[in-house]
Amino acid sequence: MEGSDRAREVRERQRADWNTVAGGWKRHREKMSAPTSSITESMVDALRLRPGDRVLDLACGVGDPAFEIAERVGPEGFVLGLDLSPEMVRAAQAWAAERRVGNTGFRTIPSELELGVSPESFDAATCRLGLMFVPDPVAALRELLVALVPGGRIAVSTWGRPKHNPNFSLPMEAIAKHADLPPEDPDAPGLFALPTPEALGAVLEAAGFSGVEASAFETPVVKAKNAESYWYGLTAMAGPLVSILASLPEERKQAVKKDVVETIAELFDGGAVEMSGEVVVASGEKPPA
Ligand SMILES: C[S@@+](CC[C@H](N)C(=O)[O-])C[C@H]1O[C@@H](n2cnc3c(N)ncnc32)[C@H](O)[C@@H]1O
């Protein structure tokens with residue numbers, strides 16, 4: 001398959017995956033954003049924002065970190081969130097309207113290579129837990145570089161290594177056990193495509209950012225009442241897993257669920273589930289003109 005056909009296919013799949021779970025993200029926004037607030041904090045710190053800054057947030061989802069940044073830059077500043085999924089964007093727009101947040105805008109884009117913004121029109125850029133899903137992360141970052149003013153800063157984050165993210169790797173193992181899926185392409189975009197500071201730092205440098213710093217840290221990612229409720233949250237929000245599950249015959253889906261719920265219940269003695277995971281955060285700046 002031609003590179004551009006593959007890229008188109010990746011985007012279509014992503015758009016469909018995230019459209020499917022946008023309702024879950026809208027209903028349970030707190031479930032995702034509260035435990036993962038340290039990721040947003042670390043990214044926002046790296047941006048060194050000032051009141052009045054204009055910030056571009058790629059793969060904005062339902063608005064994290066866009067709404068947090070909107071508070072930091074104040075009424076004179078502005079945050080533009082862009083995403084492939086119209087349903088995610090609609091949820092972000094609805095939240096902004098409900099809360100009367102006047103300094104944000106959210107737009108659906110056809111591709112991370114077509115941002116529809118003017119060169120040098122933003123002071124900072126972010127991409128939280130999205131860059132690993134794009135077909136070509138360096139190309140996507142180059143578009144953000146073009147959109148930034150010289151000296152403008154960027155902060156991005158991705159999930160770390162699979163074995164340090166059991167909230168995803170455990171269900172993925174159960175899926176592999178019960179579903180007859182073709183082997184995964186290790187270079188394909190996905191949850192664990194940029195799982196180390198080296199990998200994430202390298203794509204920022206390749207795109208032309210300077211002063212790149214990257215680190216990994218453990219952070220809370222999931223809180224649930226019990227194993228059943230963990231499964232409910234997972235299947236309401238984890239786009240890539242939800243579409244794989246949806247493609248399975250009912251009995252296999254039930255087998256995956258049984259496996260995951262039993263394993264988690266055993267791990268947490270049938271009680272509340274609290275899992276942490278590894279994330280990678282990297283930052284840099286557009287070299288001064
Ligand atoms: C895990 S969600 C993260 C959303 C939000 N940034 C957050 O941290 O809560 C991943 C988001 O990436 C978006 N996405 C995936 N591929 C994309 C692409 N090529 N261009 C723009 N957005 C993309 C999805 O639609 C989805 O909203």
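Q: Which residues are closest to the ligand, and how many surround it?
A: In this predicted model, the ligand is surrounded by 16 residues. The closest are A59, D64, D83, E112 and R128.

Q: Which ligand atoms face A59, D83 and E112 in polar contacts?
A: Such a contact is a pair of N or O atoms within 3.5 Å. A polar backbone atom of A59 lies 2.7 Å from a nitrogen atom of the ligand. D83 contributes a polar side-chain atom, 2.6 Å from an oxygen atom of the ligand. For E112, an N or O atom of the side chain is 2.8 Å from a nitrogen atom of the ligand.

Q: How much of the ligand's exposed area does the protein bury?
A: The ligand taken alone exposes 600 Å². Of that area, the protein buries 98%.

Q: What is the strand order of the open sheet?
A: Strands of a sheet pair through backbone hydrogen bonds, and the pairing may be parallel or antiparallel. Here the open sheet has 7 strands in the order β3-β2-β1-β4-β5-β7-β6, and its pairing is mixed. At its edges are β3 (104-108) and β6 (210-224), each of which pairs on one side only. On average, neighbouring strands of this sheet are turned by 20° against each other, direction ignored.

Q: In which direction do β1 and β4 run, parallel or antiparallel, and how many bridges join them?
A: Strands β1 (residues 54-58) and β4 (residues 122-128) run parallel and are joined by 3 bridges. Within this pair, V55 stands opposite A124 in β4.

Q: Which strands do helices α4 and α5 touch?
A: Packing can be read from the strands touched and from the angle between directions. Helix α4 (residues 66-73) packs on the sheet and touches β1, β2 (78-83), β3 and β4. The direction of α4 makes about 165° with that of β2. Helix α5 (residues 86-98) also packs on the sheet, touching β2 and β3. The direction of α5 makes about 160° with that of β3.

Q: Where does S85 lie, and why does S85 count as buried?
A: A residue is classed as buried when its relative accessible area is under 20%. S85, in the loop between β2 and α5, counts as buried because its relative accessibility is 1%.

Q: Which backbone atom does the side chain of S85 reach, and which residues does S85 touch beyond four places in sequence?
A: The side chain of S85 reaches the backbone nitrogen of M88 at 3.0 Å. Leaving aside residues up to four places away in sequence, S85 touches R15, W18, N19 and T108.

How values were computed
Residues numbered from 1 in each chain as written. Predicted model: local features only at pLDDT ≥ 70, side-chain atom pairs only at ≥ 80, totals over all residues. Heavy atoms only, no water. Pairing = 2+ DSSP bridges. Helix = DSSP H or I, 4+ residues; strand = E, 2+ residues; numbered from the N terminus. Axes fitted to C-alpha atoms, helices over the stretch in contact; angles between N-to-C directions. Contact = heavy atoms within 4.5 Å. Buried < 20%, exposed > 50% of the residue type's maximum accessible area, 1.4 Å probe, protein only. Polar contact = N/O pair within 3.5 Å; in protein donor to acceptor, adjacent residues only side chain to side chain. Near = heavy atom within 4 Å. Areas by Shrake-Rupley, 256 points an atom, 1.4 Å probe, with all protein chains shown as cover.
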